[in-house]
Amino acid sequence: MNAFDSLADLVRSALERLIADGALPAGLPLDSVQVEPPRDPAHGEAATNAALLLAKPARLAPMELAERLAAQLRSAPEVVEAAAARPGFVNLRLVPAFWLRAVHAALELGADYGRVDLGRGRPVNVEYCSANPTGPLHVGHGRGTVFGDALANLLAYTGWKVTREYYVNDAGAQIETLARSVHLRYREALGEAIGPIPEGLYPGEYLVPVGRALAESEGPRWRDRPEAEWLPLFARRAVEAMLARIRDDLAALGVHHDLFRSERELVETGAVDEALAFMEKKGLLYTGTLPAPKGKPVEDWEPVPQLLFRATAFGDDTDRPLKRSTGHWTYFAADIAYHLDKWRRGFDRMIDVWGADHGGYVKRMQAAVKAFSDGRASLEIRLCQLVNLLDGGKPLRMSKRAGRIVTLRDVVDEVGKDVFRFMMLTRRNDAPLDFDLVEVTQQSKDNPVFYVQYAHARIRSVFRHAAEQDLPGSARALLDAPLARLSDPAELALVRAVAAWPRTVRAAAEQSEPHRIAFYLQELAALFHALWTRGKEMPDLRFLVAEDRPLTLARLALLEAVRTVLATGLGLLGVTPVEELH
RNA sequence: GCGCCCGUAGCUCAGUAGGAUAGAGCACGGGAUUCCUAAUCCCGGGGUCACAGGUUCGAAUCCUGUCGGGCGCACCA
């Protein structure tokens, strides 16, 4: 049990005793009681809002209730001080031994210290990246990819059975465009002068090798044939090549999906027809004509009857078309089939990570999931805002037409996956992010990842020195260290930060907010660096004290606990905890 | 016009399920290095939490409106 959970239990049992004594009425909602670290450390080491929450149902003034609770809590052996504070908090100070349990737990549990079983083994599907296979990943994709990956890590760590999934949009007009673009490169590889890439085709150089490979394996036989004959082949080969490249880019970021699900396959195997027939049978579809769109006038708009989904019955703003005037399924229809497919594979919890430019799509997708599952499946959609690429403070304009795309791979190769991942995660996903190529390539202290990694490296450094002095270095060997010797305020602050790790994990997982892990790690690193420097100023506080082996063991135990938490936290973010920095 | 997201220090951002005197980094000013890595640390100035109402013991946080910014708005993906 982690520190703050056990404090909440302590407070609840104190309240129960007050109820038993008749000092409080029965039937109070004790579950809502929380114990948290107070914002201002001067208030104490932990604080509960119990009296504020329960004052009304207990028909007591908050301060009166707080006083009674504080008096009751003072009798607990762990409690050194319990004080009521206006408007009704109860502030607690605990015996150091209470907090030191967390250090012991970290040593004992290692990477499992902080793990909480929120998921109880239930399955969750996290779909992220899912970039169209028409080109390499760019920096904007990188953000959602890193976010989704860290979120998946976090859910797996908290007891969920996670499947990481990539939806491949390998059907539709864009793929035909891709195939035509590759055909042009194919002709080029056969020696033809193709001139400038025509409007409407993909100009990127990355298609050159795809065309060359086709020229080598196929020869010139498709050069002058009608499009209908070569298009499927070229589309398939192009998508394969792009996907291979995307997987490679993902691997460079440390991202590995469990499943790549193909849209084309859903269409070709009849899964879309089947899914929509399922919707039809539930009475969710009808044929009708949508009103003209409200915004900027659409030039070629004309009222046509279409097959529609009753999205408005499930919270969307308008009903949504499922079939195009050509008779083909819309993207949305295939997406419904895909999510139905997920649900049937056993996922009643699904999380999609999308770019903010798909924000207009959220309601209809959630409406569809609600509709086909009769409300039994949940779809959470996390939108990642855009990344503003800057070059030395100046906005870098990316133009697909000019072929001037800053690829994810370029940036990752330049700054490293650790820096990229950490930078993407030190911000809430729903706020835009400035990513300055100059700033992050400088690998200066502007990169918070170094700050955290440096803390880890420094701890490893201490242990290298400890090994030279014949001191134990493993967590197991430090389990019996006399932790009670830790007494300096800077040491105890670090101990309490270690104790706060499990609740940080829980909050981050429950809110789907991996950035909380990143911020916590920076705080933990800051407390460690501060202690380190105090040791420079006051030799008594150095970690390795030659003449006092028990004290040294206690400090090494604390350092190992901190290191464990740093390594675990960095691991959740997908960042490598380094042994040393140079 | 409608929908979603955002607005917190000069800049970039946190703010833990409504809690106490709103925090950190950068930048700026001052200081610390014979000693476990100074890529670090310590001290300081900096704020009408866009604005106006509302809900209540209490609001940066929840609700309504206004202003400002971003994204999106049949038959593309």
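This passage describes the fold, the second largest pocket, the aromatic contacts and some backbone details of a predicted model.

The overall layout makes a convenient starting point. The single-letter label to look for is chain A, which holds 20 helices and 15 strands. Its C-alpha trace spans about 90 × 60 × 40 Å along the principal axes. Of the 582 residues in chain A, 52% are buried. The chain is divided into domain 1 (3-94), domain 2 (173-243) and domain 3 (448-573). Between the C-alpha centres of domain 2 and domain 3 there is a separation of 56 Å.

The second largest pocket brings two of these domains into the same picture. Its volume is about 1,400 Å³, and its lining is made up of 42 residues. Domain 1 and domain 3 each contribute at least three residues to that lining. In terms of secondary structure, at least two lining residues come from each of helix 1 (3-20), strand 1 (35-36), strand 2 (46-48), strand 4 (89-94), helix 17 (489-499), helix 18 (501-510) and helix 19 (515-537). Helix 19 gives the largest share, with 7 residues. Sorted by class, the lining of this pocket has 19 nonpolar, 14 charged and 9 polar residues.

For anyone browsing the pocket on screen, the residues nearest its centre are F4, E36, P37, P38 and R503. Two of these are also in contact with each other: R503 lies over the face of F4, at 5.1 Å from the ring centre. A second arrangement of this kind involves K323, placed over the face of W329 at 4.8 Å from the ring centre.

Ring-to-ring contacts come next. The model has 16 aromatic pairs. One of them joins F309 and F314, and it counts as stacked because the ring planes meet at 15°, under the 30 degrees cut-off, with the ring centres 6.1 Å apart. The two partners differ in their surroundings: F309 is buried, with a relative accessible area of 0%, whereas F314 is partly exposed at 23%. Both phenylalanines belong to a cluster, linked by ring pairs, that also takes in Y331, F332, W354 and Y361.

Helix 19 deserves a second look. Among its residues is L531, which is buried, with a relative accessible area of 0%. L531 and V11 are 520 residues apart along the chain, and their C-alpha atoms are separated by 32 Å. Just ahead of this helix, in the loop between helix 18 and helix 19, is S512. The phi angle of S512 is near 55°, a positive value in a residue other than glycine. S512 counts as buried because its relative accessibility is 2%, under the 20% cut-off.

Another serine has a comparable backbone feature. S130 has phi near 45°, again positive in a residue other than glycine, and is found in the loop between strand 5 (123-127) and helix 5 (139-157). With a relative accessible area of 14%, S130 is buried too.

The final backbone detail concerns a proline. The peptide bond from R86 to P87 is cis, with omega near 5°. P87 sits in the loop that runs between strand 3 (79-85) and strand 4, and strand 4 is one of the elements that help to line the second largest pocket.

Terms used. Residues numbered from 1 in each chain as written. Chains lettered and ligands numbered in written order. Predicted model: local features only at pLDDT ≥ 70, side-chain atom pairs only at ≥ 80, totals over all residues. Heavy atoms only, no water. 1 Å grid on protein atoms, 1.4 Å probe; cavity = no way out; pocket = protein on both sides within 12 Å on 5 of 7 lines; lining within 4 Å. Points joined across faces, edges and corners; volume = space filled by probe spheres on them. Helix = DSSP H or I, 4+ residues; strand = E, 2+ residues; numbered from the N terminus. Nonpolar A, V, L, I, M, F, W, Y, C, P; charged D, E, K, R; others polar. Domains from an automatic or database assignment. Phe/Tyr/Trp six-rings, centres within 6.5 Å; stacked < 30°, edge-to-face > 60°. Buried < 20%, exposed > 50% of the residue type's maximum accessible area, 1.4 Å probe, protein only. Lys NZ or Arg CZ within 6 Å of the ring centre and 35° of its normal.
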